[in-house]
Amino acid sequence: MYKRQPPGPRDPGDAWAVGPDGTKAWGRFGAAGLLVDDGAGRVLLQHRVEWSHHGGTWGIPGGARHQGEAAVTAALRESAEEAGVPDDAIALRHTALLDLGFWTYTTVVGRASRPFEPVIADRESLALSWIPIDQVDDLPLHPGFGRSWPALRATVATTPHVVVDAANVVGSVPDGWWKDRAGAASRLLAQVSALAAGGVPASLLDLPFARWWPRWTVVLEGEARAAADVAATGAVDVVRAPASGDDAIVESARAAVQAGDGPVVVVTADRELRDRVEALGAVVHGPSWLRDQL
């Protein structure tokens with residue numbers, strides 16, 4: 001099915017970037033594309049029409065970034081325009097950056113948070129298909145995507161998960177938190193939610209590529225359980241421990257490991273708790289690991 005795009009002025013970014021040696025790349029301000037998997041072993045690929053650049057090959061929906069546009073925003077916009085991908089159906093995973101000095105290409109990797117079917121929305125696509133991961137290499141791939149695919153494929157199932165011992169993190173700074181434990185926990189939740197929206201540097205999780213969007217679980221105990229709810233974005237789960245906060249943290253870490261998430265990071269300075277979650281296979285960092293990012 002083809003759906004015509006509404007007419008509109010061209011953005012200044014819809015032009016060639018030219019390197020010092022005359023090399024050309026599309027997108028004056030760089031370009032970005034979206035690689036999305038459906039959680040069932042398939043990725044969404046675009047079969048490009050013959051007359052387009054590298055026509056006849058398979059790649060991911062994407063295109064030039066607009067002036068002042070963030071790479072993630074550009075990838076979601078382009079995939080919506082070219083393939084009808086609903087941006088509210090994408091859970092961000094990570095970004096991979098190709099930097100040629102005069103031009104960059106950012107691959108934004110996400111997972112479908114709900115089922116959707118792509119729609120051909122411009123004339124550059126012959127087809128849009130969910131392709132089983134083990135069949136991607138059988139296709140004639142766009143050269144750029146073909147070079148990046150082996151590394152991208154290796155991390156399709158990688159799902160980092162951070163479990164936060166809220167009491168330990170809040171208590172690591174003597175800012176008067178003991179006067180209003182629920183208020184202090186509310187502030188922490190708001191900060192973690194903002195961090196969850198923007199992602200963290202890959203180096204923080206000892207993972208490849210540029211930036212990652214881990215899952216987050218924040219465990220509250222005692223009076224802190226009265227903290228205000230965070231916006232229901234799905235990025236941050238809040239566990240209000242009915243009894244021992246440490247036990248709830250251990251169970252959250254255990255559930256993450258059993259679900260196949262990894263690396264699973266627990267943020268705490270409690271030595272006994274460290275031993276318990278490390279025995280499950282989790283990595284432990286102190287409160288400053290998180291606070292330095294807030």
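**Exercise 1.** Determine how many ångströms separate the centres of domain 1 and domain 2, and state which residues contribute to their contact.

*Solution.* The centres of domain 1 and domain 2, taken over C-alpha atoms, lie 32 Å apart in this predicted model. The domain assignment places domain 1 at 16-154 and domain 2 at 161-292. With contact taken as heavy atoms within 4.5 Å, domain 1 contributes nine residues and domain 2 contributes five residues.

**Exercise 2.** Establish what area domain 1 and domain 2 bury between them, and which three residues of domain 1 supply the greatest part of its side.

*Solution.* Begin with the total: about 690 Å² is buried between domain 1 and domain 2. Of this area, 69% falls on carbon and sulfur atoms. Next, consider the share of domain 1: L92, H94 and T95 together account for 59% of the area that this domain buries against domain 2, more than any other three residues.

**Exercise 3.** Characterise the polar pairing across the interface and the elements that form the side of domain 1.

*Solution.* First, apply the salt-bridge rule: zero salt bridges are found across the interface of domain 1 and domain 2. Second, count polar contacts: three residue pairs, with both residues at pLDDT 80 or more, are in polar contact between the two domains. Third, identify the elements: β7 (90-99) and α2 (143-154) are those that give two or more residues to the side of domain 1 that touches domain 2. The largest share, six residues, comes from β7. Finally, classify the residues on this side of domain 1: six are nonpolar, two polar and one charged.

Conventions. Residues are numbered from 1 along each chain as its sequence is written. This is a predicted model: local features need pLDDT of at least 70, side-chain atom pairs count only at pLDDT 80 or more; totals for chains, interfaces and linings use all residues. Side-chain values use heavy atoms; hydrogens and water are left out. Domain bounds come from an automatic or database domain assignment. Buried area is the accessible area (1.4 Å probe) that two parts lose on being put together, summed over both. A salt bridge is a side-chain nitrogen of Lys or Arg within 4 Å of a carboxyl oxygen of Asp or Glu. A polar contact is a pair of N or O atoms within 3.5 Å; within protein, one must be able to donate a hydrogen and the other to accept it, and residues adjacent in sequence count only if both atoms are side-chain atoms. Helices (H or I, at least four residues) and strands (E, at least two) are DSSP runs, numbered from the N terminus. Ala, Val, Leu, Ile, Met, Phe, Trp, Tyr, Cys and Pro count as nonpolar, Asp, Glu, Lys and Arg as charged, and the others, Gly among them, as polar.
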